[in-house]
Amino acid sequence: MNRKYFDKTPSYSRKTPFGIFVDQAGYYPDSRKMAYIPLECDDFEVTDINGSVRFSGKTVHAGYDEASGDDVWTADFSGLTETGTFCVRAGNKTSAMFHIGEYVYNDVFDKTMKAFYYLRCGCGLDERCAGVWHHGKCHTAPARLWENRDAVLDVSGGWHDAGDYGRYVTAGACAAAHLLYAFRLFPEVFEKQKLGIPETGCPDILSEVRYELEWLMKMQDSEGGVYHKATTALHAPFVMPEEDTSEMYVFPVSSMATADLAAICALASGIYEPYDKAFSEKLFKAAGKSADWLERHPEFIGFSNPEGCNTGGYGERDDHSNRFWAYSEMYALTGDLRYHGLLVSALNEDFPLTALGYGEVGGLGALAYLLCKQAKDVQVENRFMNRFRLHADEMKKTADNCGYGVAMKPDEYQWGSNMGLMKKAMIFAINDVLFDDRSCREYAARHLDCLLGANPLGISYITGAGEFRCNYPHLRPAYADGIEECIPGMVAGGPNGGLSDPFARQVIPEGTPPMKCYADDTASYSLNEITIYWNSPTVFVLAYMCGK
Ligand code: 9MR
Ligand code: ZN
């Protein structure tokens, strides 16, 4: 691979200096605390910053772990409940330093939420809010319809999707949905959150999501159909966003984008109502218009890149779950029985009812129904409840058989595996909410521990969080700004056994176990990109952990 663009810091060879793996953000005093050691040992101790032993115990041999290829010993130090800064030691190995305390997740919670602000397109980031990562306005010129170059429209705003500067409706709706459901389920943790972003007179999370919603509504055409994406024809080089001045195009309407827009606007309309009636009304109208479009267009209108375009495709094989989500949110918002009929008919198609997007969004539709105040069909309700329960039960078994305590099977380490990891934690959190099942909290926490360093590479997959953390994501501004410290709060895609890019194939030896197929290097888009919909489930999980 040509490293011309990516020679800032050749970082793929950076290895964790630690031999014992812990959650580098830390643990609550009363929570389960587990360190993972891929080496035989009997005794372990936990020392404080002065080196004094505060806890000691015997390790347990958890056994061979397929996803990592490690033979794992665990050190359970749940019995250590005092607050402070510690590290685990066994033999001649140590862990990273971590905290035990009541607020251990607040910093990373704020950072992962503020990451959305750093991804804003159009407005420019001023120094007061963005500090050293400030930059000028980007992508504000009017865009052209790909299929009718004479038609020009304003689609400025919204979040950059990922390491690239594209903006895609289904991806954006999914990320916004995770954030809005996080707010809906755990509002108290957001009430006081101060991110240092431009304020609009409501909790910061709502100001931030509003920035995306305003853009999403610009993607709706006069008939109610929604354009699939707004991107340049080709991915930009690794320059700052304001230097990416190629022509912006708006690509054709898809039924997935239209359904997801109806869904997210309906959801948002209810949530913003107490803060801003006019905005809520605007969302309501947009949602209704796209929902009407869906009824007039029962056929699937998919998306794949036209010739001459290489930006993200976000194609789907069908739009069943998207339509279901749209009708379910419309019913939740309006109580109109017509939508109830439509959501129930949508269930005639087979799609996963706990999937939380992007792509399959049945779980978001089920959640909309379960949480709504409208009259419910008990059978439908029970069906949705059971699916969430079964999903959690199944995941518990997988997690209990995994050396690192998570419900990820070896073949689930694919492009963006950290999204899979966080969506599993979301399912546990949702089960805690729906069934008041507190055993789920521990399982959700294990997944967060894994993301934050309790994994076989001993790395925190969130920039700016943890002693040994990723710092060189495939993220254009993070490279082009020339600043060594990466923009904080970005969740890396993570291990991907598929080795789906040339750089990954070059640096990861064949046969490497999937959970170890990772390199913290700008060059690897299939291992180390960031996206809004990998950050959003992480915010959801952190909100749950900081709250309920
Ligand atoms: O997240 C997407 C991943 O699941 C796919 O395997 C991959 C290849 O199609 O595309 C990913 O999405 C990318 C999108 O197309 C454009 N923006 C960056 C996204 C993350 O890599
Ligand atoms: Zn931009």
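Here is a short, friendly tour of this predicted model, in numbered points.

1. **Where the ligand sits.** A good place to begin is ligand 1, which sits in the largest pocket. The residues around ligand 1 are D161, A162, D164, Y168, G312, Y314, Y358, W415, E529, T531, Y533 and W534. It may help to display these residues before reading on.

2. **Polar contacts to the ligand.** Three side chains reach oxygen atoms of the ligand. For Y533, an N or O atom of the side chain is 2.6 Å from an oxygen atom of ligand 1. For E529, the distance from a polar side-chain atom to an oxygen atom of ligand 1 is 2.8 Å. For Y358, an N or O atom of the side chain is 3.3 Å from an oxygen atom of ligand 1. On its own, ligand 1 has 460 Å² of accessible area, and the protein covers 73% of that.

3. **The backbone at Y358.** Please look at the backbone here as well as the side chain. The peptide bond that runs from G357 to Y358 is cis, and its omega is near -15 degrees. Y358 belongs to the loop between α9 and α10 (362-371), and Y358 is also one of the residues surrounding ligand 1.

4. **Y314, another ligand neighbour.** Y314 is among the residues around ligand 1 and is placed in the loop between α7 (277-296) and α8 (320-334). Although Y314 is not a glycine, its phi is positive, at about 50 degrees. Is Y314 buried or exposed? Its relative accessibility is 12%, under the 20% cut-off, so Y314 counts as buried.

5. **The pair H160 and H139.** H160 is found in the loop between β11 (148-153) and β12 (167-168), while H139 lies in the loop between α2 (127-130) and β10 (143-145). The side chains of H160 and H139 are joined by a polar contact of 3.4 Å. H160 counts as buried because its relative accessibility is 3%, and H139 counts as buried because its value is 10%. H139 also has a positive phi of about 50 degrees, although it is not a glycine.

6. **What else H160 touches.** Setting aside residues up to four places away in sequence, the contacts of H160 include L119, R120, C121 and C138. Further along the chain, Y165, G166, R167, P241 and I532 are also among the residues it touches.

7. **N535 in helix α17.** N535 is part of helix α17 and is buried, because its relative accessibility is 1%. How far apart in space are N535 and F116, C-alpha to C-alpha? They are 8.2 Å apart, with their positions 419 residues apart in sequence. Apart from neighbours within four places in sequence, N535 contacts T112, A115, F116, G489, M490 and V491. With T112 there is a polar link: a polar atom of the N535 side chain lies 3.1 Å from the backbone oxygen of T112.

8. **T463 and its surroundings.** T463 is placed in the loop between α13 and α14 (476-480). T463 is buried because its relative accessible area is 0%. Its C-alpha atom is 7.0 Å from that of I487, a residue 24 places away along the chain. A polar atom of the T463 side chain also lies 2.7 Å from the backbone oxygen of I487. Not counting residues up to four places away in sequence, T463 touches C470, P473, C486, I487, P488, G489 and M490.

9. **The covered helix α13.** Helix α13, residues 439-451, is mostly covered, with 11 of its 13 residues buried. The buried residues include R441, R446, H447 and D449, along with C440, Y443 and L451. Among the elements that cover these buried residues are β1 (26-27), α11 (378-400), α12 (417-435) and α17 (532-546). After α13 comes G453, which has a positive phi near 130 degrees.

10. **A partly exposed glycine.** To finish, turn to G341 in helix α9 (residues 337-346). G341 is partly exposed because its relative accessible area is 36%, which falls between the 20% and 50% cut-offs. G341 and E127 are 214 residues apart along the chain, and 51 Å separates their C-alpha atoms.

Key:
Residues numbered from 1 in each chain as written. Chains lettered and ligands numbered in written order. Predicted model: local features only at pLDDT ≥ 70, side-chain atom pairs only at ≥ 80, totals over all residues. Heavy atoms only, no water. Helix = DSSP H or I, 4+ residues; strand = E, 2+ residues; numbered from the N terminus. Buried < 20%, exposed > 50% of the residue type's maximum accessible area, 1.4 Å probe, protein only. Polar contact = N/O pair within 3.5 Å; in protein donor to acceptor, adjacent residues only side chain to side chain. Contact = heavy atoms within 4.5 Å. Near = heavy atom within 4 Å. Areas by Shrake-Rupley, 256 points an atom, 1.4 Å probe, with all protein chains shown as cover. 1 Å grid on protein atoms, 1.4 Å probe; cavity = no way out; pocket = protein on both sides within 12 Å on 5 of 7 lines; lining within 4 Å. Sits in = over half its atoms within 2 Å of the grid points.
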